[in-house]
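Biologist: I should like a close look at a single part of this model, set in the context of the whole chain. Please give the account as one connected answer.

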Amino acid sequence: MATTADRFRAAVEAADLGAVEELFTEDVRLYSPVKFTPFEGRPMVLGLFGVLLRTFEDFRYVGELAGSAQTAAGPEGGAADSTVLVFRATVNGRQIHGIDLLQFDEAGRIKEFTVMVRPQSAVQALGEAVLAGLVEDGLAPRP
């Protein structure tokens with residue numbers, strides 16, 4: 001039986017936002033490497049995913065690790081079942097190496113999503129491209 005992480009990976013690789021949407025809780029939080037506060041709620045996180053799917057070139061997952069980790073909600077959030085998906089991609093000519101940390105609720109849906117990216121030049125290129133996409137889609141004000 002496919003896990004939520006397996007289904008998420010397949011949906012992202014197929015650029016299927018509808019399938020991704022089914023895997024998120026209503027109050028999902030996405031912690032981005034380019035923004036201090038999280039993106040909150042399914043509509044905003046899905047909007048961001050739409051931008052990311054257009055922004056990344058040759059995106060591919062190259063590894064997976066599973067276990068548990070404390071959620072970003074703090075000590076009261078406790079530990080949650082978690083999966084780390086390792087990825088590679090290109091954004092505006094910059095090679096990116098990163099991880100997606102997926103954390104699940106009791107029903108197995110994604111409640112927290114943390115993205116970490118390296119190197120710093122890739123973080124900057126990703127931030128600029130995502131901001132432009134969010135503005136274009138009406139999800140962020142013009143700077």
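Modeller: A salt bridge is taken here as a side-chain nitrogen of Lys or Arg within 4 Å of a carboxyl oxygen of Asp or Glu. By that criterion the side chains of Glu-64 and Arg-9 form a salt bridge, with an N to O distance of 3.8 Å. The model is a predicted one, and the part chosen for the close look is Arg-9, with its partners and surroundings.

Arg-9 is situated in helix 1. Since its relative accessible area is 22%, and buried means under 20%, Arg-9 is classed as partly exposed. Glu-64, at 36% relative accessibility, is likewise partly exposed. Because Glu-64 belongs to strand 3 and Arg-9 to helix 1, their pairing ties together parts of the chain that lie 55 residues apart in sequence.

Arg-9 has a second acidic partner. It forms a salt bridge with Glu-13, in which the closest N and O atoms are 3.5 Å apart. Here the link is within one element: the two residues are four apart in helix 1, so about one helical turn separates Arg-9 from Glu-13. Glu-13 has a relative accessible area of 46% and is therefore partly exposed. Through shared partners, the salt bridges join Arg-9, Glu-13 and Glu-64 into one network.

The wider surroundings of Arg-9 can be described through its contacts. With neighbours within four places in sequence set aside, Arg-9 touches Tyr-61, Val-62, Gly-63, Glu-64 and Leu-85. As a reference point elsewhere in the chain, Met-44 is 35 residues from Arg-9 in sequence, and the C-alpha atoms of the two are separated by 20 Å.

A search of the whole structure yields six salt bridges. One further example is the pair Arg-42 and Glu-26, whose closest N and O atoms are 2.8 Å apart. This pair also links distant parts of the chain, with Arg-42 in helix 3 and Glu-26 in strand 1, at a separation of 16 residues. The two partners fall into opposite classes of accessibility: Arg-42 counts as buried at 13%, whereas Glu-26 counts as exposed at 53%.

The elements named so far belong to the following framework. The chain contains four helices and six strands, which follow one another from the N terminus in the order α-α-β-β-α-β-β-β-β-α. The six strands form an open sheet with the order 2-1-6-5-4-3 and mixed pairing. Its edges are strand 2 (39–40) and strand 3 (57–70), each of which pairs on one side only. The strand that carries Glu-64 is therefore one of the two edge strands. Further into the sheet, strand 4 (residues 79–91) and strand 5 (residues 94–104) run antiparallel and are joined by 10 bridges. Within that pairing, Val-84 stands opposite Leu-101 of strand 5.

Two helices pack on this sheet. Helix 3 (residues 42–55) touches strand 1 (24–31), strand 2, strand 3, strand 4 and strand 6 (110–118), and its direction makes about 55° with that of strand 1. Helix 4 (residues 120–136) touches strand 2, strand 4, strand 5 and strand 6, with its direction at about 70° to that of strand 5.

The apolar interior provides a further view of helix 1. The largest nonpolar core has 38 residues, of which Phe-8, Phe-24, Phe-49, Ile-110 and Phe-113 touch the most other members. Two or more core residues come from each of helix 1 (4–13), strand 1, helix 3, strand 4, strand 5, strand 6 and helix 4. The greatest contribution is that of helix 4, with eight residues. Phe-49 illustrates the connections at this core: beyond its neighbours within four places in sequence, it is in contact with Phe-8, Val-12, Leu-17, Val-20, Phe-24, Leu-30 and Phe-113. Helix 1 thus gives residues to the core and also carries Arg-9.

Values for the whole chain complete the description. Of the 143 residues, 46% are buried. Among contacts with a separation of 6 or more, 53% are between residues 24 or more positions apart. The C-alpha trace spans about 35 × 30 × 30 Å along its principal axes. The chain has a radius of gyration of 14 Å, which agrees with the value near 15 Å for a compact globule with 143 residues.

Note on methods: Residues numbered from 1 in each chain as written. Predicted model: local features only at pLDDT ≥ 70, side-chain atom pairs only at ≥ 80, totals over all residues. Heavy atoms only, no water. Pairing = 2+ DSSP bridges. Contact = heavy atoms within 4.5 Å. Axes fitted to C-alpha atoms, helices over the stretch in contact; angles between N-to-C directions. Core = buried A, V, L, I, M, F, W, Y, C linked by side-chain atoms within 4.5 Å. Buried < 20%, exposed > 50% of the residue type's maximum accessible area, 1.4 Å probe, protein only. Rg over C-alpha atoms; globule rule 2.2 N^0.38 Å.
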